[in-house]
Amino acid sequence: MGLLDEFKDKIESDELQFTQNSTVRNWTWGIVVFLVLTLILTIDFIPNQVNLEVGQVSPKDVVAPKTIEYVDKEKTEELKQKAAQSVSKVYIEKGNVINKVQIELSNLFQVVRKYNDIIAESNKNEENKQNNDEETETSSQKLSKTKKIKQIKEEIEIDVSDQVIGRLLEVDRNTFDYIEEKTNNIVIKYVKRGIKSDVLNEIREQMKADVESLSASSQYKYVIQELVQQVIRPNLILNQEETAKRRQQARKSVKPVTKRIQKGEIIIRHGKVVTEEDIKVLTELGLRHKQINFFAIIGLTLTVATFVIMFVVYLLQHQSKAVDDEGVVALLGILPILTLLLAKIMTFFPIDRQSYLVPVAAMSMLLTVLTNYNLAIMITVFVSFLVSLVTGGGISGAAVGVVGGLAGIYSVSKVSQRSDLVRAGFYVSGASVMMILAFELSTSPFNLLHILEMIVWGILNGVLAAVITNGFLPYLENTFGITSAVKLLELSNPNQPLLKKLLVEAPGTYHHSVIVGNLAEAAADEVGADSLFVRVGSYYHDIGKIKRPYFFTENQLGDENPHDKLSPTLSTLIITSHVKDGIELAKKYRLPTKVIDIIKQHHGTSLISFFYQEACHDEKYDNIDEKEFRYNGPKPQTKEAALIMLADIVEAATRSKAEVQSNPDKLEALVRGLIRNKLDDGELDESDLTLKDLDKIATTFVKVLTGIFHSRVEYPDNLAEEIKEEKNLNGGSD
């Protein structure tokens, strides 16, 4: 306990200076908010390890800790291979092959025919040859078979075996013609079809089958077989480069096969035998081995940092007044954190599109009511994207959050009562449903039941937003000391217990406060102050007079004045004590801090001149200290407090001076004189009012007071009888 006591003593003795520096506190809070938001987004990337192997029995249910979409690489590769295989091969046709084959075969048979003795003898008997021809044939017949084969091989272009040539030299004319015909038919048949270079062996086998089907002896089939096998060649050459290019394009055209695992989905059930597919899913979830995804964490951290930095810059440049209110600063951090936590909780429910259910609009409406709509818009946009990242909602989830939030902001920007917050919930539902429909209808395939389910989510989003806003608003107001427009409207209701008490116990003060409210509210509209707050502050600024109402002239009914029997110092003490009494009453009735500040500041350090002058002229008092006849202050710190101070003294002075009420010039002179006196006395030094503002205030006060004190026509009591008599006289004269 000694260390704790020492720590408390250090705080109380101001040794920890950062606790007294609002700037340091604000920056510290900003860093805390950044760290918490980052933690909420990145906590899923630090998984627990699951030690399971293929074939093992799972001892428990394994649940996905986050929602992921991953590419099934094996299935995708399988589809790519099928796509590539479905692409036909590309071939380049060689148009001169068929002619070349025909020429080679024709030349072969012509040459062999020339050296075939049997055919030559047949030709000799059938025709009458010229002598030189006979001599040529006679000379060829004198050649040996070996020399003939050698001579033939020199004259032909085809590489044919000696055995084949030898058999061709031994056949008769009909057999020779048969072999020539069948060889040509088979070769030309396949060449015309197109012989692909990569399937040449298959073509050879088919040719072999065709030869075997011939009705010829085996030795002749052998000759034909050898000839077709030697002469055949591809006329369609495979273009490997173009084929590979087209197959690569086909592979690229295959979309990756993606699988989605929802957060909370059971991956492996208790008692199930673990398969390779289960291991693959565990690996994708990062559960297979305990590996922290540092890149994902860094990316999300940079995302949060970007949003936070952008918002801080906007806050400092365009909303600097908000930074001065520590309650607002705290609220700007708490609400986004709570919203993201709610989004995180949503992810534990096994439903589709959890982002559609996250009531971002609740945060938007609360910020609008408690701060202003510009801050609410900025935070709504940022938080909507962060919610989408938490829930995996994508661009549609972010869009629904932004549109729903903006609908909530615009619907409560001029809220006049708490029931308006309920109506705002319906606007949020409508906007969310419209945005959901826009995205779901543009996404294929069309699924009516799914769309209806998403519409229900959109409606529930608005309902949740309204319920949360109505439920949290009073607690946030009290916790962070922020007074919303809704609270001010409630305080302005004449049925408020404290106002009713003021009306009953100090009626003069009540009516004085109402007139002060009218004056100050009109002036606030002219100088850009908060007119609603000014009116409420005016209603409560003099509630301290309830304790001793008869000591204040507006509540004195007769000529008797209790101050006549009191000393100036005691009267001053009673008059000034209404500020302290008002503060006590305000705290008792739990009025907002802003209203209590008005009660403290509405007199500033003004001099109670009547009793001061009375003391100065009383010989009983020596060495009179002016400070004893002044209010304790502080001086007005805001435009609103200064306006109420000026309206207070103007209303009191003009009410007590009947001669100025019917004279606009005197009235304006009095009003401007009173304002000038406060300015000269330094009471307005700490407010934000300018000289131009003071001129506007004076003009507005005169305008309102002229309307209050305008002259009226005095009607006689027997006006009706006089009108009737006048009508009778007029009727008689006619």
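This briefing covers the overall make-up of the chain, its two largest pockets, helix α27, the annotated transmembrane spans and two local backbone features. The model is predicted. The protein chain contains 33 helices and 6 strands, and 43% of its 734 residues count as buried. The largest pocket has a volume of about 1,500 Å³, and the second largest holds about 1,100 Å³.

**Overall make-up**

- Helices number 33 in the protein chain, against 6 strands.
- Among contacts with a separation of 6 or more, 77% are between residues 24 or more positions apart.

**Largest pocket**

- The volume of the largest pocket is about 1,500 Å³. Its lining is made up of 39 residues, and those closest to the centre are Lys321, Thr371, Asp530, Lys594 and Glu640.
- Two or more lining residues come from each of α15 (320–324), α17 (360–370), α18 (373–391), α22 (485–491), α25 (531–540), α27 (593–601) and α29 (639–656).
- The largest share of this lining is that of α27, which gives 5 residues.
- Sorted by class, the lining of the largest pocket comprises 15 nonpolar, 14 polar and 10 charged residues.
- Both domain 1 (33–40 + 293–473) and domain 3 (487–710) contribute at least three residues to the lining of the largest pocket.

**Second largest pocket**

- About 1,100 Å³ of space lies in this pocket. It has 35 lining residues, and Ile608, Ser609, Phe610, Ile649 and Ala652 are the nearest to its centre.
- At least two lining residues are supplied by each of α26 (568–588), α28 (609–616), α29 and α31 (664–680).
- With 7 residues, α29 gives the most to the lining of the second largest pocket. Helix α29 is also one of the elements that give two or more residues to the lining of the largest pocket.
- The class split for the second largest pocket is 14 nonpolar, 12 polar and 9 charged residues.

**Helix α27 and its packing**

- The buried residues in α27 are Val595, Ile596, Ile598, Ile599 and Gln601.
- These buried residues pack against α22, α25, α26 and α29. Of those partners, α22, α25 and α29 are among the elements that give two or more residues to the lining of the largest pocket, while α26 and α29 are among those that supply at least two to the second largest.

**Annotated transmembrane regions**

- An unreviewed UniProt entry annotates residues 27–46, 294–316, 328–349, 356–387, 393–412, 424–442 and 454–473 as "transmembrane region".
- Residues 328–349 are 86% helix and 0% strand, with 33 Å between the end C-alpha atoms.
- Residues 424–442 are 95% helix and 0% strand, and their end C-alpha atoms lie 28 Å apart.

**Local backbone features**

- Gly633 and Pro634 are joined by a cis peptide bond, with omega at about 5°. Pro634 sits in the loop between α28 and α29.
- Arg590 has a phi near 55°, which is a positive value in a residue other than glycine. Arg590 belongs to the loop between α26 and α27.
- Is Arg590 buried or exposed? Arg590 counts as exposed because its relative accessibility is 72%, and the cut-off for exposed is over 50%.

Note on methods: Residues numbered from 1 in each chain as written. Predicted model: local features only at pLDDT ≥ 70, side-chain atom pairs only at ≥ 80, totals over all residues. Heavy atoms only, no water. 1 Å grid on protein atoms, 1.4 Å probe; cavity = no way out; pocket = protein on both sides within 12 Å on 5 of 7 lines; lining within 4 Å. Points joined across faces, edges and corners; volume = space filled by probe spheres on them. Helix = DSSP H or I, 4+ residues; strand = E, 2+ residues; numbered from the N terminus. Nonpolar A, V, L, I, M, F, W, Y, C, P; charged D, E, K, R; others polar. Domains from an automatic or database assignment. UniProt positions renumbered as here; feature names shortened; annotations may be inferred. Buried < 20%, exposed > 50% of the residue type's maximum accessible area, 1.4 Å probe, protein only. Contact = heavy atoms within 4.5 Å.
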